[in-house]
Amino acid sequence: MLKRFRSPFHGLTANSALLAEGRDLRLPHLTYLIVFVPRSSSTRLTHLLRAPGQYGDPEEWFSTEILRAHAPVFGAACTRDYIDQLCRRCNQAGVFGAEVTWLQMRRLCRETTFLATLKPQKLIWLIRQDIVAQAVSAVRMVQTGISQSILVDRQTRTEGKDRHHCDAAAIRHRLRMLSFEEDRGEAMVARANLPLLRLSYEQLVGAADSLVLTRISGFLGRPQPDGSPVPDIGHERLSGARSLEFAERFRREYPRMMAKLDRKRAARLSALDRL
């Protein structure tokens, strides 16, 4: 399942002056990591935690696109230097947050090396309870070219619906990929043996932003002050009746695959924390 990947640092050159400039900055006193599986509302969580200004900027700093945009600015050409510069340059009020998928992390280095270099004190593990709907969402993103509602206007979202069709082979492929990455992420957070908050897409989209922010801020040990305004992040769900229909159709057509997945994930889903 896992292919060999070229290092995201390929072709980059270290800049000692920029590295020294960054090392003059202080390291954060709190570092937390959100490990997530794609299409689990991680972007919504990023916007929610970024807005107050006291929970860092938990961006996907380790995606190839973002890494290659920032590493030259930091003078970094390897994982160790990039992480060190990130933590020093991109923390807010002494807090650094980041989001990463298992696959993004694995493209950089082994998980033990990644965690030992970043040194997070707390982990948030974000999955999706309905993994079939998650696979349909991933296929829809490819078909429509729309990844997040906040990135396009309503007309563009409406036009994208016309390009969304049921492709059972694509859904099955995505389902296997998501299951693989979820398994690896689950093993990673379990082995890390750090304070862990387990959440799901369904919890995030089903609860008020104020409740989500209160729960996570408490877990991070930086509770929201009483009366603090809840940011309006303008995030809308892209899923609709058509996606639900495709997910239900897939479940009916692949009952043995679904039964196997359900058995494998049962303990994982039961371990989710409450908001």
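Helices and strands here are DSSP runs, with at least four residues for a helix and at least two for a strand, numbered from the N terminus. Counted that way, the chain has 13 helices and four strands. Keep in mind that this is a predicted model.

Let's start with the chain as a whole. It has 275 residues, and 47% of them are buried. Among contacts with a separation of 6 or more, 84% are between residues 24 or more positions apart. On the outside, the accessible surface comes to about 13,700 Å², and carbon and sulfur atoms account for 50% of that.

Now for the aromatic rings. A pair of them is described by how far apart the centres are and by the angle of the planes. The whole structure holds six aromatic pairs. Take Phe 62 and Phe 114: their ring centres are 5.0 Å apart and their planes stand at 80 degrees; planes over 60 degrees apart count as edge-to-face, so that is what this pair is. Phe 62 sits in the loop between α2 (42-50) and α3 (64-74), while Phe 114 belongs to helix α6 (residues 111-118), so the pair ties together parts that lie 52 residues apart in sequence. Both Phe 62 and Phe 114 are buried.

Trp 102 and Phe 180 make another edge-to-face pair, at 5.9 Å centre to centre with 85 degrees between the planes. Here Trp 102 comes from helix α5 (residues 102-108) and Phe 180 from helix α9 (residues 168-192), so this pair ties together parts 78 residues apart in sequence. Buried means under 20% relative accessible area, so Trp 102 qualifies at 7%, and so does Phe 180 at 15%.

Back to Phe 62, which keeps turning up. Ring pairs link it with Phe 9, Phe 74, Tyr 82 and Phe 114 into a cluster. Leaving out residues up to four places away in sequence, Phe 62 touches a list of residues including Tyr 82, Ile 83, Leu 86, Val 100, Leu 108 and Phe 114.

What about the cores? The largest nonpolar core has 49 residues, and the members touching the most others are Leu 33, Trp 61, Phe 62, Tyr 82 and Phe 114. Helix α9 gives this core its largest share, seven residues. Apart from it lies another core, of 20 residues, including Leu 30, Phe 36, Phe 219 and Leu 220.

Phe 219 also has a charged partner: the charged end of Lys 122 sits over its ring, 5.3 Å from the centre. Elsewhere, Arg 128 lies over the face of Tyr 201, 3.7 Å from the ring centre.

Definitions and conventions: Residues numbered from 1 in each chain as written. Predicted model: local features only at pLDDT ≥ 70, side-chain atom pairs only at ≥ 80, totals over all residues. Heavy atoms only, no water. Buried < 20%, exposed > 50% of the residue type's maximum accessible area, 1.4 Å probe, protein only. Contact = heavy atoms within 4.5 Å. Areas by Shrake-Rupley, 256 points an atom, 1.4 Å probe, with all protein chains shown as cover. Phe/Tyr/Trp six-rings, centres within 6.5 Å; stacked < 30°, edge-to-face > 60°. Lys NZ or Arg CZ within 6 Å of the ring centre and 35° of its normal. Core = buried A, V, L, I, M, F, W, Y, C linked by side-chain atoms within 4.5 Å.
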